[in-house]
Amino acid sequence: MAKLTVTFLGTSSAAPTEGRGLPAIALQREGSVILLDCGEGVQRQVLNEGVGLNKETSILITHLHGDHVTGLLGLLQTMSMAQRKKALNIVGPPKLLKWLEVTADLLHIGLTFPVNFSPARPGTVLRTGDFKVKATKALHSVEAYCYVIEERSRPGVFFPDRARNLRVPEGKLWSRLQKGRKVQVDGRTVDPSEVSGPPRPGRKIGYSGDTRPSPRLSRFFSGCDLLIFDSTFHGKDKDKAVERKHSTCLEAAETAKSAGVRRLALTHFSARYTSVASLVRQARTVFPDTIAARDGLRLDVVYPGS
Ligand SMILES: [Zn+2]
Ligand SMILES: [Zn+2]
């Protein structure tokens, strides 16, 4: 069973603090990486956390506020210095490409690898070997997107008795059927559906970026195994969250509850809170399975029931 790990590279909002860098998160599954936002200095965290510069990589940028995007150029430059050759997927607001082209040109940055840019828009924005990525509009002060990253479904439960009844010899052919592939037995084709249950859904991770909550977003994040949500403010500072188009820890918890997710990670904390313990406590009154992200925190996302 492939391990799916989420590593928080930066968990502050707007400005870095002594203990927290700017927003960036890495999803890792068997040699491939998805980066969510690229706060300043992200490449140092990528190296510190062993994420790697030469993997199959896709980068999803939520919006063009400096704290979420200024690290991207430095990361691309560091990848070039490491002689990266593999194409890199980037998804983000349409103007992101313009910013990249202009700054790369002004700073004389040449890349050693091709970039496949997909403009973010509501709907499916990226398909990789492991994942499908969907986007929806966030409710923020500039054009911004939330993302859901869905692992491809797994083949259904394998029933050995059915395989034996169909005279499929145990061994290589069983293993092929278990991987969801057809096999030939005595000149006859056996389909995996004849010996297995229905395909099982893959794991699902949601990332809000900067946003106000809304029922539409709760629907978008419905059934996520892990939801990573804007928790810039404590519930008592809701007026500031409304004014700056962010969410409070309580609103993040209410979203998690109405979306029916399995686990909530709060992130993007305002530098005004020296400790975020009270934010987690408050969120847990609404959604008990809540944790606070911190730089370097690693979470394994497991299948339901495992
Ligand atoms: Zn932000
Ligand atoms: Zn923002």
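**Notebook: two zinc sites, a sheet and salt bridges**

I looked first at the zinc ion (ligand 2) and found that its four donor atoms subtend angles of 89 to 167°, which makes the arrangement irregular. For the terms, I take donors as N, O and S atoms within 2.8 Å of the metal (3.2 Å for Na, K and Ca), and since water is not among the atoms, sites may look incomplete. Four donors count as tetrahedral if all angles lie between 85 and 135 degrees; four count as square planar and six as octahedral if opposite donors are over 155 degrees apart and all others between 65 and 115; anything else is irregular.

Before going on, I note that this is a predicted model, in which local features need pLDDT of at least 70 and side-chain atom pairs count only at pLDDT 80 or more, while totals for chains, interfaces and linings use all residues. Residues are numbered from 1 along each chain as its sequence is written, chains are lettered from A and ligands numbered from 1 in the order in which they are written, and side-chain values use heavy atoms, with hydrogens and water left out.

**Entry 1: the zinc ions**

Which residues coordinate the zinc ion (ligand 2)? I find His 63 (NE2), His 65 (ND1), His 140 (NE2) and Asp 210 (OD), at 2.2 to 2.3 Å. Along the sequence these donor residues are spaced H-x1-H-x74-H-x69-D. The pair His 63 and Asp 210 links distant parts of the chain, 147 residues apart: His 63 is in the loop between S4 and helix H2 (66-69), and Asp 210 is in the loop between strand S12 (204-207) and helix H7 (215-220). Helices (H or I, at least four residues) and strands (E, at least two) are DSSP runs, numbered from the N terminus.

I then checked burial, where buried means under 20% relative accessible area, exposed over 50%, and partly exposed in between (1.4 Å probe, protein chains only). His 63 counts as buried at 0% relative accessibility, and Asp 210 counts as buried at 2%.

For the zinc ion (ligand 1), the protein donors are Asp 67 (OD), His 68 (NE2), Asp 210 (OD) and His 268 (NE2), lying 2.1 to 2.4 Å from the ion. The site of the zinc ion (ligand 1) is irregular too, with angles of 90 to 155° among its four donor atoms. How far apart are the zinc ion (ligand 1) and the zinc ion (ligand 2)? I read 3.6 Å, with Asp 210 coordinating both. Asp 210 lies in the loop between S12 and H7 and His 268 in the loop between strand S14 (264-267) and helix H10 (277-284), so the pair ties together parts that are 58 residues apart in sequence. His 268 is buried, at 5% relative accessibility.

**Entry 2: strands and helices**

I traced an open sheet of seven strands in the order S6-S5-S4-S3-S2-S1-S16, with mixed pairing; two strands pair if DSSP finds at least two bridges between them. The edge strands, strand S6 (115-119) and S16, each pair on one side only. From one strand to the next the twist averages 20°; axes are lines fitted to C-alpha atoms, for helices over the stretch in contact, and angles run from 0 to 180 degrees between N-to-C directions.

Strand S3 (residues 32-36) runs parallel to S4 and is joined to S4 by five bridges, and Ile 34 has Ser 58 in S4 as its bridge partner. Helix H3 (residues 71-81) lies across S3, S4 and strand S5 (88-92), at about 175° to S5, where contact means heavy atoms within 4.5 Å. Helix H4 (residues 95-106) lies across S5 and S6, at about 125° to S5.

Elsewhere I saw S12 and S13 pair in the parallel sense over three bridges, with Gly 206 opposite Leu 227 in S13. Strand S13 (residues 226-230) is mostly covered, five of its five residues being buried.

**Entry 3: salt bridges**

How many salt bridges does the structure hold? I find 13, a salt bridge being a side-chain nitrogen of Lys or Arg within 4 Å of a carboxyl oxygen of Asp or Glu. In one of them, Arg 298 meets Glu 49 with the closest N and O atoms 3.2 Å apart. Arg 298 sits in strand S16 (residues 298-300) and Glu 49 in the loop between helix H1 (42-48) and strand S4 (56-60), 249 residues apart. Arg 298 counts as partly exposed at 44% relative accessibility, whereas Glu 49 counts as buried at 18%.

Asp 237 forms salt bridges with Lys 236 (3.6 Å, N to O) and with Lys 240 (3.8 Å, N to O). Asp 237 is buried, with a relative accessible area of 10%, while Lys 236 is exposed at 60%. I also noted a network of salt bridges linking Arg 29, Glu 30, Asp 130, Glu 151 and Arg 203.
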